[in-house]
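Here are a few short exercises to work through with the model open beside you. Try each task before you read its solution.

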Amino acid sequence: RDAASVADLTDTYDDRALALRLDVTDPVSVAAAVEASEKEFGRIDVLVNNAGYGYLAAIEEGEDTAVRALYDTNVHGVVTVLKAVLPGMRARRWGRIVNISSFGGLAAFAATGYYHATKFALEGLSESLAAEVAPLGIAVTIVEPGGLRTQWAGTSMQQSATRLKDYEQTAGKRRASTLAVSGHQPGDPVRAAV
């Protein structure tokens with residue numbers, strides 16, 4: 001969402017990189033970024049949906065507003081971007097969509113149930129989309145990374161302020177262990193990206 005954070009890419013690859021503000025929860029922002037990209041480069045061949053974050057809470061502790069915001073980014077945001085980019089891909093009968101899911105879209109643990117639910121939703125959405133667009137020359141890839149040394153468990157992590165004593169031995173312990181691993185995950189995000 002902060003174009004300045006990728007200034008090094010635009011400086012290095014000025015003819016192949018365009019830094020734009022894009023907030024997946026804002027359809028106007030999405031439409032403007034897609035329009036600007038298509039104007040600059042003529043088309044979008046590859047779409048990578050990577051926006052997302054985690055939320056720590058036992059299911060009963062989850063705060064409705066925060067859970068809706070999580071879904072707005074992790075699920076509805078992907079749909080908004082897909083709907084903005086797919087018309088161009090369909091017209092050309094070519095493209096690749098890469099949806100960044102998570103190992104958390106395959107298995108679930110205490111304290112991250114809402115995050116898992118969004119990633120399970122993304123998995124189903126991606127599989128259905130793949131079946132729909134394959135005859136149109138568009139491929140869909142789901143990426144399911146495990147623990148990478150990113151800010152997912154650090155500054156990007158949201159959590160419920162509600163802490164119920166009955167969940168301290170399950171969700172409470174998992175909250176603590178998830179936050180403690182931030183910056184020490186086994187996976188290298190640079191190597192994963194290559």
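**Exercise 1. Find which residues make the nonpolar surface patch of about 230 Å².**

Solution. Val6, Leu9 and Tyr13 make this patch. To qualify, patch residues need over 30% relative accessible area and no salt bridge, and nonpolar side chains (Val, Leu, Ile, Met, Phe, Trp, Tyr) are joined within 5 Å. Areas come from the Shrake-Rupley method with a 1.4 Å probe, and a salt bridge is a Lys or Arg side-chain nitrogen within 4 Å of an Asp or Glu carboxyl oxygen.

This is a predicted model, in which local features need pLDDT of at least 70, side-chain atom pairs count only at pLDDT 80 or more, and totals for chains, interfaces and linings use all residues. Residues are numbered from 1 along each chain as its sequence is written, and side-chain values use heavy atoms, with hydrogens and water left out.

**Exercise 2. Locate leucine 9 and classify its exposure.**

Solution. Start with helix α1, where leucine 9 lies; helices are DSSP runs (H or I, at least four residues). Leucine 9 counts as partly exposed because its relative accessibility is 42% (buried is under 20%, exposed over 50%, partly exposed in between).

**Exercise 3. Place alanine 19 and list what it touches.**

Solution. First, alanine 19 sits in the loop between α1 (7–12) and α2 (27–41). Next, its C-alpha atom is 8.3 Å from that of leucine 9, 10 residues apart along the chain. Finally, leaving out residues up to four places away in sequence, alanine 19 touches Ala3, Val6 and Thr10 (contact means heavy atoms within 4.5 Å).

Technical notes
Helices (H or I, at least four residues) and strands (E, at least two) are DSSP runs, numbered from the N terminus. Patches are made of residues with over 30% relative accessible area and no salt bridge: like charges are joined within 9 Å, nonpolar side chains (Val, Leu, Ile, Met, Phe, Trp, Tyr) within 5 Å. Buried means under 20% relative accessible area, exposed over 50%, partly exposed in between (1.4 Å probe, protein chains only).
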